[in-house]
Amino acid sequence: MDLGKVGIWSGAPLWADQPELAGELEELGFGALWLGGSPAGDLRIAEAVLDATSTLKVATGIVNVWTTEAAEVAESYQRIEAKHPGRFLLGVGAGHKLFNTQYEKPYAKLVSYLDELDAAGVPASGRALAALGPKVLTLSAERTAGAHPYFVPVEHTRQARKTLGDGPLLAPEIAVVLEPDRAVADEVIRKYTSLYLQLPNYTNNLLRLGFTEDDFADGGSDRLIGALIPQGVDNIVATVAQHHDAGADHVNIQVLTASGSLDAEAFRTLGNALT
């Protein structure tokens, strides 16, 4: 599936009341919209966005394998694929132990979940895995269209491409900030990073990349934030290009805002700069 070079990533619930805004993403030249925040297994939000557009691809980033039964997701996938063939990518992942009390042996759970999707007729080409470490990256290459890493610097993209090899999709998410007020921007960033720096999946990945425990204190060091979250249009454009040069096929951009709402003006600014 061709997702284009750039897309938008945002929480699925934000699109429930305004799926028509996705039509503007399409007009701006974005290739895909990624629906985050563990969307429900009925995938009705994805369907609504697809209904409101004609060429935009929609992906989930991601459906949580601990909270959503594979059978329900497969049924939803088949419904959407019949209605909008070739425009939906089912992203799945194991989430985090902090939020899933049943979180045990996540790799085995991913394998069994993919087995269930196979049995239900969801093709490998129609799904992707949230993947950070080498083991799950390899699984994503073997059993799905490819990998959707989250909260990663350019160096991760470079290493992930080596692990995946040529061919499998590599579609990292990057968070960005366009807020011109430096104090407000810093508050927005620290609010965002303070959550993810509590999650071992992400901190372990960053440790593998050469960051230290000191980089995780107080919402992240300047070095860490500089590597993860570009600020301002010029830095965003440069960082997206670096991810592409490092091996990304598609970069999906999450716009961080003080309100936490969708920012249509930011989408326009980025669309004009990137597409």
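## Salt bridges in the model

A salt bridge is a side-chain nitrogen of Lys or Arg within 4 Å of a carboxyl oxygen of Asp or Glu. The structure shown above is a predicted model, and it holds 14 salt bridges. Side chains of opposite charge can pair when their charged atoms come close.

## A pair within one helix

Glu47 and Arg44 form one salt bridge, in which the closest N and O atoms are 2.8 Å apart. Both residues belong to helix H2, which covers residues 44–51. Because they are 3 residues apart in that helix, about one helical turn separates them.

The two partners differ in their exposure. Glu47 has a relative accessible area of 8% and is therefore buried, as the limit for a buried residue is under 20%. Arg44, at 46% relative accessibility, counts as partly exposed. Arg44 and Glu47 also take part in a network of salt bridges that links them with Asp51, Arg79 and Lys83.

## A pair between two helices

A further salt bridge joins Arg190 and Asp222, with 3.5 Å between the closest N and O atoms. Arg190 lies in helix H7 (residues 182–196), whereas Asp222 lies in helix H9 (residues 222–228). The pair therefore ties together parts that are 32 residues apart in sequence.

Arg190 is partly exposed, with a relative accessible area of 22%. Asp222 has a relative accessible area of 64% and is exposed, since exposed residues are those over 50%.

## A buried aspartate and its partner

The side chains of Asp215 and Arg223 also meet in a salt bridge, at 2.7 Å from N to O. Asp215 counts as buried, with 7% relative accessibility. Its partner Arg223 is partly exposed, with a relative accessible area of 48%.

## Nonpolar cores

The model also contains nonpolar cores. The largest nonpolar core has 57 residues. Within this core, the residues that touch the most other members are Trp15, Leu33, Phe88, Leu90, Ile253 and Phe267.

Phe267 illustrates these contacts in detail. When residues up to four places away in sequence are not counted, Phe267 touches Ile8, Trp15, Leu21, Leu25, Leu28 and Phe30, together with Val255 and Leu262. A second core, separate from the largest one, consists of 32 residues. Among its members are Val188, Tyr196, Leu199 and Tyr202.

Technical notes: Residues are numbered from 1 along each chain as its sequence is written. This is a predicted model: local features need pLDDT of at least 70, side-chain atom pairs count only at pLDDT 80 or more; totals for chains, interfaces and linings use all residues. Side-chain values use heavy atoms; hydrogens and water are left out. A nonpolar core is a set of buried Ala, Val, Leu, Ile, Met, Phe, Trp, Tyr and Cys residues joined through side-chain atoms within 4.5 Å. Buried means under 20% relative accessible area, exposed over 50%, partly exposed in between (1.4 Å probe, protein chains only). Contact means heavy atoms within 4.5 Å. Helices (H or I, at least four residues) and strands (E, at least two) are DSSP runs, numbered from the N terminus.
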